[in-house]
Amino acid sequence: MGKRRKSLCPEFLRKGKMKKKELEKFEALLLEKRKKLISEMGHLKKAALETTPKDSAGDISSYSYHMADQGTDTMEREKAFLLASKDGRLLYHIDEALRRIKDKTYGECLECGKPISRARLEAVPHARLCINCKEKEEKEKLKQGQ
Ligand SMILES: [Zn+2]
């Protein structure tokens with residue numbers, strides 16, 4: 001405690017060293033967000049399940065043939081559907097952020113490794129990039145997309 005090691009710059013010491021209390025705060029924030037998102041996704045999930053039989057192009061025989069696999073099929077389709085949706089991607093990012101909290105790497109930019117500002121994390125707790133890298137990514141996307 002209070003030991004001074006001048007060979008390490010303060011920036012390095014700060015990097016990724018989020019206090020346990022802070023990690024817990026963001027974890028609670030993420031879990032809250034996750035709960036809300038999942039309840040909002042409830043109706044989406046139902047819609048995905050209801051449209052499933054139509055996907056087999058009306059071929060009843062092949063449909064019933066696959067009945068045995070129905071359980072996993074439906075789950076896979078559901079997962080794919082949810083991941084393809086905006087909410088599904090958000091859920092994915094929230095889960096990833098929760099995983100980073102467990103790994104204690106939460107709060108570091110995945111691109112440059114610098115700490116993401118607290119203000120940014122409070123606004124976007126699942127943020128995986130610092131504001132600079134995020135802006136760079138947005139610009140890249142624009143270049144590729146249009
Ligand atoms: Zn960065």
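These are my notebook entries on what I looked up in this predicted model.

**Entry 1: overall layout**

I started with the secondary structure. I count seven helices and zero strands in the protein. Read along the sequence, that gives the pattern α-α-α-α-α-α-α. How much of the protein is buried? Of the 146 residues, 24% are buried. For the outside, I get an exposed area of about 11200 Å², with carbon and sulfur atoms supplying 58% of it. I also looked at how far along the sequence the contacts reach. Taking contacts with a separation of 6 or more, 60% of them join residues 24 or more positions apart.

**Entry 2: the nonpolar core**

Next I went inside. The largest nonpolar core holds 19 residues. Which residues have the most contacts inside this core? I noted Met18, Phe26, Leu30, Ile101, Tyr106, Cys109 and Leu121. Helices α2 (20-51) and α5 (86-103) each give at least two residues to this core. As background, nonpolar side chains in soluble globular proteins tend to be buried together.

I then clicked on Phe26 and listed its neighbours, skipping residues up to four places away in sequence. Phe26 touches Met18, Ile101, Tyr106 and Leu121, all of which are on the list of residues with the most contacts in the core. Phe26 also touches Arg118 and Glu122.

**Entry 3: the zinc site**

Which protein atoms are the donors of the zinc ion? They are the SG atoms of Cys109, Cys112, Cys130 and Cys133, lying 2.3 Å from the ion. The angles among the four donor atoms run from 105 to 115°, and the site is tetrahedral. Along the chain I read the donor spacing as C-x2-C-x17-C-x2-C.

I checked the accessibility of two of these cysteines. Cys130 has a relative accessible area of 8%, so I filed it as buried. Cys133 comes out at 7%, so it is buried too. Cys109 caught my eye for another reason: besides being a zinc donor, Cys109 is among the residues with the most contacts inside the largest nonpolar core.

**Entry 4: salt bridges**

I found 11 salt bridges in the structure. The general idea is that side chains of opposite charge can pair when their charged atoms come close.

The Lys20 and Glu24 pair went into the book with an N to O distance of 3.3 Å. Where do Lys20 and Glu24 sit relative to each other in helix α2? They are four residues apart, so about one helical turn separates them. Lys20 is exposed at 61% relative accessibility, while Glu24 is partly exposed at 41%.

I then moved to Glu137, which takes part in two of the bridges I looked up. With Arg128, the N to O distance is 3.0 Å. With Lys134, the closest N and O atoms are 3.3 Å apart. Glu137 and Lys134 are three residues apart in helix α7 (residues 131-145), which means about one helical turn between them. Is this group buried or exposed? I have Arg128 as partly exposed at 26%, Lys134 as partly exposed at 23% and Glu137 as partly exposed at 21%. Adding Glu138, I see that Arg128, Lys134, Glu137 and Glu138 are linked in a network of salt bridges.

**Entry 5: two loop residues**

I picked Pro125 from the loop between α6 (118-123) and α7. Is Pro125 buried or exposed? Its relative accessible area is 3%, and the cut-off for buried is under 20%, so I wrote it down as buried. What does Pro125 touch? Leaving out residues up to four places away in sequence, I listed Leu29, Leu30, Lys33, Ala97 and Tyr106. Leu30 and Tyr106 were already in my notes as residues with the most contacts in the core. The C-alpha atoms of Pro125 and Ala97 are 7.7 Å apart, with their positions 28 residues apart along the chain.

Last, I looked at Lys104, in the loop between α5 and α6. Lys104 has a positive phi of about 65° although it is not a glycine. For context, most residues other than glycine have a negative phi. Lys104 has a relative accessible area of 54%, so I marked it as exposed.

Terms used
Residues are numbered from 1 along each chain as its sequence is written. This is a predicted model: local features need pLDDT of at least 70, side-chain atom pairs count only at pLDDT 80 or more; totals for chains, interfaces and linings use all residues. Side-chain values use heavy atoms; hydrogens and water are left out. A nonpolar core is a set of buried Ala, Val, Leu, Ile, Met, Phe, Trp, Tyr and Cys residues joined through side-chain atoms within 4.5 Å. Buried means under 20% relative accessible area, exposed over 50%, partly exposed in between (1.4 Å probe, protein chains only). Contact means heavy atoms within 4.5 Å. Donors are N, O and S atoms within 2.8 Å of the metal (3.2 Å for Na, K and Ca); water is not among the atoms, so sites may look incomplete. Four donors count as tetrahedral if all angles lie between 85 and 135 degrees; four count as square planar and six as octahedral if opposite donors are over 155 degrees apart and all others between 65 and 115; anything else is irregular. Accessible areas come from the Shrake-Rupley method with a 1.4 Å probe; for residues, only the protein chains shown count as cover. A salt bridge is a side-chain nitrogen of Lys or Arg within 4 Å of a carboxyl oxygen of Asp or Glu.
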